[in-house]
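Visitor: I would like to learn how to read strands and cores in a model like this one. Could we take one strand as a starting point and work outwards?

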Amino acid sequence: MRIEDGDLLQAVHAGIFEAAPWTNFLNELRSRTGARCVTLMFRTAQEAPLVQIFAGDPLSLPLPGSAPGIAVPHYGRMRDNRVYALDELVDPTDLVGGALPVRLTGPGTAESIRMVRVTVDGGGQALLACLGGRISSSAVSALLATLAPHLRIALHSLIALERERVRATVATDAIGRLGAGWIILDEICHIIDCASNVEPMLQDGAHLRRGRHDRLTAASPAIDRLLTTLVRRAALEPAAAPEAISLSRQPPIGLLIRPAPARGPGAAPVAILFVDTHARPPADHSRQIAALYGLLPSEAKLAWAVAQGLSMAQACDALGLTRETARNYLKKIYAKTGVGGRTELVHLILTGVLPLA
C-alpha cells in the first residue's frame, strides 16, 4: 500500500509534539486501513512506565502477568522493523484450556492482528498493532514495515525532547531559587523566550516590558539605550564579558547581560539576560545546614540567622538565646564547619548548594 502524500509519515514525526503523542497518527492510520483498532504501546526507557494509546475500539494485547487462561505472546522474540502476526509470537504450551492468545472487547480474531516493534538505545521501545480492516493483512504488513523506521526515529526524537524538557525545567528552577530569571534576546532585542518567573515583571512594566513585536523595552530611556547597545555588542563579540545594569535602587534590581553560548549557524539568540526577580524572602534552611555540616538544630538555626545578615543581638532576639549561649554556639559552629570566623561562615553557607534549596 502506498503512503499517499506522505500524510502518515508527517503524522508520525509530528506526533511527538502532541499532548498525547501520536494520537493523530493512529487516527490517520485507522482511517487509511479501515482497521477496527490501531494501538501503540511505548516506553521511553527500560524502567519507564508503559504508555498505551489507541484509535477505534480498545484492543488489549496480553502482557506478562496476564490473567490465567490468557496466552502471553513472547514479544522478546520480535526483531526490529519486522511485522508479525500474533500467532507467530505465541508458544502453544502457554495456552490454557484452549484460550485465545488475545483479549478483545468485542468481536474480532487474533489472526487479523499485525504488529511491529522498534527499539532505541537506553531501553526505549514501541509496539504498533493493527487489527483487521478493509485492506488485506499483507497490505497492512507492508504499510507497517514502511512506517517502522520512521516510528523509530520519532521515538528517538521524543526521548531526546523529553530529556531536554527535564534539563530546561531543572535549570530554570535552579536559577529561580537563586532569585533570578532569564530572558533570551535576538540582535534587535526581540524576546525569543523567557522564564515563567520573569513574565510578571514584564507585565507589570515598571522596569522592563514587552514592546511592539515582542521587543524588550526598559522603562527608562537611558537604560533602554544602554540595553540595546550591550545586546548588539554581545551579537558582535561572542566572547565578551558579562555586563551589569542597575534597573532600580529601591528595591535593588539588577540585570546581567552575557552573549548566548554555543551559537550554531544562523542561530537567532545572541544574548541572555539574567534578571533579579527580588522574589520571596529566604525560607529557613537550618535543617539542610545541620545535615551539611553536622550541626545541632539549635546551632544550625543560629548559623542560618548569621548568614541572613542578622546582628548578634537580632539573632538572639529571634531565636530566644542569651548572648553567652549564642557565643558558645558560634564557637562550636566554627569548629564543626572549619571556618575562621563570621565572614567565612557566611561565605561557606551562601556559596554552596544551600541557595538552591
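Guide: Let us begin with strand β7, residues 125–131, in what is a predicted model; this strand is mostly covered, since six of its seven residues are buried.

Visitor: Which strands pair with β7, and in which sense?

Guide: Pairing is read from the bridges between two strands, which need at least two of them to count as a pair. Strand β1, residues 37–43, pairs with β7 in the antiparallel sense over seven bridges, and one of the matches you can look for is Arg 43 with its bridge partner Gln 125 in β7. Strand β6, residues 113–119, also pairs with β7 in the antiparallel sense over seven bridges, and here Arg 117 has Leu 127 as its bridge partner.

Visitor: How many residues lie between β6 and β7 in their hairpin?

Guide: There are five residues between them, and Gly 122, which sits in the turn, has a positive phi of about 95°.

Visitor: Which residues touch the most other members of the largest nonpolar core?

Guide: A core of this kind is a set of buried nonpolar residues joined through side-chain atoms within 4.5 Å. The largest one has 31 residues, and those touching the most other members include Trp 22, Phe 25, Leu 40 and Leu 128. Among the elements that give two or more residues to this core are β1, β6 and β7, while the largest share, ten residues, comes from α3.

Visitor: What is Phe 25 in contact with, leaving aside its neighbours within four places in sequence?

Guide: Phe 25 is then in contact with Leu 8, Ala 11, Val 12, Leu 128 and Leu 147. A second, separate core has 30 residues, including Ile 183 and Val 275.

How values were computed:
Residues numbered from 1 in each chain as written. Predicted model: local features only at pLDDT ≥ 70, side-chain atom pairs only at ≥ 80, totals over all residues. Heavy atoms only, no water. Buried < 20%, exposed > 50% of the residue type's maximum accessible area, 1.4 Å probe, protein only. Helix = DSSP H or I, 4+ residues; strand = E, 2+ residues; numbered from the N terminus. Contact = heavy atoms within 4.5 Å.
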